[in-house]
Amino acid sequence: MAIPMPTRQLFIDGEWREPILKNRIPIVNPATEEVIGDIPAATTEDVEVAVNAARRAFSRNKGKDWAKAPGAVRAKYLRAIAAKVNERKTDLAKLEALDCGKPLDEAVWDMDDVAGCFEFYADLAEGLDAKQKAPVSLPMESFKSYVLKQPLGVVGLITPWNYPLLMAVWKVAPSLAAGCTAILKPSELASVTCLELADICREVGLPPGVLNVLTGFGSEAGASLASHPGVDKIAFTGSFATGSKVMTAAAQLVKPVSMELGGKSPLIVFDDVDLDKAAEWALFGCFWTNGQICSATSRLLVHESTASEFVEKLVKWSKNIKISDPMEEGCRLGPVVSKGQYEKILKFISTAKSEGATILHGGSRPEHLEKGFFIEPTIITDVTTSMQIWREEVFGPVLCVKTFASEDEAIELANDSHYGLGAAVISNDTERCDRVSEAFEAGIVWINCSQPCFTQAPWGGVKRSGFGRELGEWGLDNYLSVKQVTLYTSNDPWGWYKSPN
């Protein structure tokens, strides 16, 4: 059953605060197209207040309250947050499904990952102290050197709507573990669970100003955060176009950024595999999360000898996917997040058809659903590498299929993209999988699967898919500054200049 949408304000300095301009943004349930609540709309004025709160929290008591506190202190809060997420998991998952259209079973899985992410970075926060003063080997005996890892300062975290809480926590958990203080700006299309995270932080007594949550439009709150001189770093996940604007704003102050941007990931299926297993992975890799995944393996490359049979299986499997309100039991494909996204995806499909591609399956609203931003799982064949549908990120349940004749051709087709986030290969030949994995121009590679993601492993891309890595120890490094400290240990004078004595 659905639960009522809570009414929240902005979360600044440990308190709920009404936006200074008192504006709010309606929440639309993408499955029904009905307004089910609203969220506060932060503007430049609210960003100013939040940045000041985060700066005070970072330096309070000369940093001893948070930034310079032992890692175990920060870990205690992170574990308390994880416990509360587990307590509220059912309600959080329902809110997420209502807010962004994600099937409820997926949303529950996401909440498990949210709690796990906080637990993982709690462990790393505790381990950080033991790694301080790591020695550096020097060629001169009269010097000793070591390294300190210190929090960068106040960080701005700008996050997307496809995994509203999980993508936020990929940034929140490591930044807090490192000792930073943070301002989170989630997407205006799905912010509800991020505001609930703020409530959890308030409940566990997180020190005021350590995490501030500003909901609002990217053009107002996000842009102000990116350009604010009091913000020491921006971590952004979203589209290439928006990421470029964020980088431009940050560059004016030479502010460091990390970027996880779009993707158009390939999946290569060779002719030596179980076609049903491969078909399920191919569909999961593209239709999971309603097709709204930056790493979606939406460019499917199939060996020509099995292509006809494989595509036939893809259609059969697609017809068996339950498309429904995400709250219904067994839903495996819900609506896309908004009317704007719905229309954008349909235009992609229409353009592909006009360019000569074949819409083999799907491509429109399911017949049994009269309302909601639903699009059938769509399989497109007869594509060329110059078509928009093959080259640009659709961010919807749309899978394009091409054939290849040789391993070299498959790799060439796979790498022929501006993007480089994920890539996958399915084959029973382990040596071939190793060769292809090394040849892929991507930050993430999957073998005999698509889309598994673990908190312990690095995540990020190359080319226009961005730079920097999230998750694992690499995610913590995103929020740490490395300081070299070198000591002169000899009792002898340096002796470079002639002594006046």
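**Entry 1. Glu260**

I began with Glu260, which I found in strand E11, residues 257-260. The model I am reading is predicted, and I treat every value below as computed from it. I looked up this residue in the record as well: UniProt lists Glu260 under "active site", in an unreviewed entry.

Is Glu260 buried or exposed? I read a relative accessibility of 3%, so Glu260 counts as buried, the limit for that class being under 20%.

I then asked which residues Glu260 touches, leaving aside those up to four places away in sequence. The contacts include Phe236, Thr237 and Gly238. Cys294 and Leu421 also touch Glu260, as do Trp459, Ser465 and Glu470.

**Entry 2. The annotated domain**

I looked up the domain annotation next. UniProt, again in an unreviewed entry, lists residues 23-485 as "domain: Aldehyde dehydrogenase". For this span I noted 41% helix and 20% strand. The C-alpha atoms at the two ends of residues 23-485 lie 49 Å apart.

**Entry 3. Helix H4 and its partners H2 and H3**

I took the pair H2 and H4 before H3 and H4. Helix H2 covers residues 71-87, and its axis lies 8 Å from that of H4, at an angle of about 170 degrees. An angle over 145 degrees is the criterion here, and H2 is therefore roughly antiparallel to H4.

I listed the residues of this contact. On the H2 side I found Gly71, Ala72, Arg74, Ala75, Leu78, Arg79, Ile81, Ala82, Val85 and Asn86. On the H4 side the contact is made by Met111, Val114, Ala115, Phe118, Glu119, Tyr121, Ala122, Asp123, Ala125, Glu126 and Leu128. Sorted by class, the contact of H2 with H4 holds 14 nonpolar, two polar and five charged residues.

I turned to helix H3, residues 89-100, and helix H4, residues 104-128. Their axes come within 8 Å and cross at roughly 130 degrees. H3 and H4 are therefore oblique to each other. I recorded the crossing of H3 and H4 as right-handed.

Which residues make this contact? From H3 I noted Lys89, Leu92, Ala93, Lys94, Glu96 and Ala97. From H4 I noted Leu104, Ala107, Val108, Asp110, Met111 and Asp112. By class, the contact of H3 with H4 has seven nonpolar and five charged residues, with no polar ones. I marked Met111 in both lists, since H4 uses Met111 in the contact with H2 and in the contact with H3.

**Entry 4. Helices H13 and H14**

I examined a further helix pair. Helix H13 (residues 407-415) and helix H14 (residues 430-439) have axes that come within 10 Å and cross at roughly 30 degrees. Angles under 35 degrees count as roughly parallel, so H13 is roughly parallel to H14. The crossing of H13 and H14 is right-handed.

I found Glu407, Ile411 and Asn415 of H13 meeting Arg432, Arg435, Val436 and Ala439 of H14. The residues of this contact divide into three nonpolar, one polar and three charged.

**Entry 5. Positive phi at two lysines**

I looked up two lysines for their backbone angles. Lys62 has phi near 55 degrees, a positive value in a residue other than glycine. I located Lys62 in the loop between H1 and H2. With a relative accessible area of 70%, Lys62 is exposed.

Lys463 also has a positive phi, near 55 degrees, and is likewise a residue other than glycine. I placed Lys463 in strand E20, residues 462-463. Lys463 is partly exposed, at a relative accessible area of 38%.

**Entry 6. Asn52**

I found Asn52 in helix H1, residues 44-59. Its relative accessible area of 34% makes Asn52 partly exposed. I also checked the separation of Asn52 from Ala173: 121 residues in sequence and 21 Å in space, C-alpha to C-alpha.

**Entry 7. Pro366**

I closed with Pro366, in the loop between strand E14 (358-361) and strand E15 (378-381). Its relative accessible area is 3%, and Pro366 is buried. How far from Pro366 is the C-alpha atom of Ile323? I read 7.8 Å, for residues 43 places apart along the chain. Ile323 is also among the residues that Pro366 touches, together with Phe374, Ile375 and Glu376, when those up to four places away in sequence are not counted.

How values were computed. Residues numbered from 1 in each chain as written. Predicted model: local features only at pLDDT ≥ 70, side-chain atom pairs only at ≥ 80, totals over all residues. Heavy atoms only, no water. Axes fitted to C-alpha atoms, helices over the stretch in contact; angles between N-to-C directions. Helix = DSSP H or I, 4+ residues; strand = E, 2+ residues; numbered from the N terminus. Parallel < 35°, antiparallel > 145°, perpendicular 65-115°, else oblique. Left-handed = near helix turned anticlockwise from the far one by under 90°. Contact = heavy atoms within 4.5 Å. Nonpolar A, V, L, I, M, F, W, Y, C, P; charged D, E, K, R; others polar. Buried < 20%, exposed > 50% of the residue type's maximum accessible area, 1.4 Å probe, protein only. UniProt positions renumbered as here; feature names shortened; annotations may be inferred.
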